[in-house]
Amino acid sequence: MGAVKNIWNEREVAEAPDCSQIQIPTSSLSVDPSLPLPQITPLITELCKDLFEKWSNLDDSRFSVETVSGGITNLLLKATAKEEGGNDVSVTVRLYGPNTDYVINRERELQAIKYLSAAGFGANLLAVFGNGMVQSFINVRTLAPLDMRNPKLAAEIARELRRFHQVEIPGSKEPQLWIDMFKFYEKASSLEFDDSEKQKIYKTISFSEVYNEIVELKELTSHFNAPVVFSHNDLLSGNIMANDEEEKLYFIDFEYGSYNYRGFDIGNHFNEYAGYECDYSLYPTKEEQYHFFRHYLGPDKPQETKIWKLSMVEANTYMLASHLYWALWGIVQAKFSPIKFDYLGYFFLRYNEYKKQKEKCLSLARSFLSRSEAG
């Protein structure tokens, strides 16, 4: 596979005539996210002055930059400008990690983010530049994995996710799960590593087996007629922010967002109860799932059969697809990501968990489908 090539123009997407003709400032500047903060600060200052006219004539000494977080695919920075009137105004600068175009569709993200922002999700999109975007700064805290099983927060997450799933994004509403999954598979199954140890581990993967697992799961889930909604697809604790004083939640980072099966978005969220240590014994219990779905499905007190179908069949079967999806993602990242992380080990962790849960979940799904067909 050759070098990454942009097949779309970030500025053209940002300036597209959608979402009430909102115009977004743009810049061709790029900033290397691997630089240390002292070197990155003057570059972010230059970027802010290039993007925002009201800051263009401010002295560089009026700007400060600090790190908010550094994830697997992004570096988040807080840039603050002391304006002429004395006010401190802050924005969030998100720098894309190198080679993330292999696993993230930036065009799709930018096409959706304005609509999600207008609906009250995440921070407002303020500008885009060569390898990132600028958003409004929100004074919130990031949830920890254990927060997601707190009954009060779990209920609020469920209600907010229902609202997220009601947002209409223009364009094709074809679910992307299997399209993206097979793209990951094609990339993952045709790699060669320069590192001999990585290549040796890579060669132990039976891609024909993985392919058969994908096909089997795709065929089974096709019988669900699962609702298709605009999904977050990466709703881990790090992508949920809370303002405790206002008791308000914010979903952030819509990089993997797309139209998808509702059950996948929820099943993937349930997998994230495992936290950063990937302890899947923390997967939500039946009672915790019922609690989530009662709030997701709304105040009309749906019948137990509806809750059972959604929680124990739809979401828990697509939970398996979540393991396959991120397992293949891990292989691609192992090749192209410069971040020091055992991505190949992550593949085996997720794939082994898939195989561990497979028979129980598929048996339940088949049993439910057979009863449904029998009337």
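# Exercises on a predicted model

Arg94, Glu109, Asp253 and Glu255 are linked in a network of salt bridges, a salt bridge being a side-chain nitrogen of Lys or Arg within 4 Å of a carboxyl oxygen of Asp or Glu. The model is predicted: local features need pLDDT of at least 70, side-chain atom pairs count only at pLDDT 80 or more, and totals for chains, interfaces and linings use all residues. Residues are numbered from 1 along each chain as its sequence is written, and side-chain values use heavy atoms, with hydrogens and water left out.

## Exercise 1: Confidence

Determine which elements have the lowest and the highest mean pLDDT.

**Solution.** Step 1: pLDDT is the predictor's confidence in each residue, from 0 to 100; the chain averages 88, and 90% of the residues score at least 70. Step 2: helices (H or I, at least four residues) and strands (E, at least two) are DSSP runs, numbered from the N terminus. Helix α1 (residues 10-14) has the lowest mean, 41, and helix α7 (residues 207-221) the highest, 98. Step 3: the pLDDT is below 50 over residues 1-17, a stretch with 32 contacts in the model beyond near neighbours in sequence, where contact means heavy atoms within 4.5 Å. Where pLDDT is low, the predicted coordinates should not be read in detail.

## Exercise 2: A hairpin

Describe how strand β2 is placed and paired.

**Solution.** Step 1: buried means under 20% relative accessible area, exposed over 50%, and partly exposed in between (1.4 Å probe, protein chains only). Eight of the nine residues of β2 (residues 74-82) are buried, so this strand is largely enclosed by the rest of the structure. Step 2: two strands pair if DSSP finds at least two bridges between them; nine bridges join β2 to the antiparallel strand β3 (residues 88-96). Ala81 stands opposite Val89 in β3. Step 3: five residues separate β2 and β3 in the hairpin, and Gly86 in the turn has a positive phi of about 100°.

## Exercise 3: Salt bridges across the chain

Find which parts of the chain are linked by the salt bridge of Glu83 and Lys54, and which by that of Arg149 and Glu288.

**Solution.** Step 1: the whole structure holds 20 salt bridges. Step 2: in one of them, the side chains of Glu83 and Lys54 meet at 3.2 Å, N to O. Glu83 lies in the loop between β2 and β3, and Lys54 in the loop between α2 (37-51) and β1 (63-70), 29 residues apart. Glu83 counts as buried at 17% relative accessibility, whereas Lys54 counts as exposed at 60%. Step 3: Arg149 and Glu288 meet at 2.8 Å, N to O. Arg149 is in the loop between β6 (141-142) and α4 (151-164) and Glu288 in helix α9 (residues 286-296), so this pair ties together parts 139 residues apart in sequence.

## Exercise 4: A helix and a cavity

State how many residues of helix α8 are buried and which residues line the largest cavity.

**Solution.** Step 1: ten of the ten residues of α8 (residues 262-271) are buried, including Phe264. Step 2: on a 1 Å grid over the protein atoms alone, a cavity is a set of points where a 1.4 Å probe fits but cannot get out, and lining residues have an atom within 4 Å of a point. Grid points are joined across faces, edges and corners, and a volume is the space filled by probe spheres set on the points. One cavity of 30 Å³ or more is found; the largest has a volume of about 30 Å³. Step 3: its lining consists of Gln176, Leu177, Asp180, Asn233, Tyr256, Ser258, Asn260, Phe264 and Tyr325. α5 (177-188) and β10 (258-261) each supply at least two of the lining residues.

How values were computed
1 Å grid on protein atoms, 1.4 Å probe; cavity = no way out; pocket = protein on both sides within 12 Å on 5 of 7 lines; lining within 4 Å.
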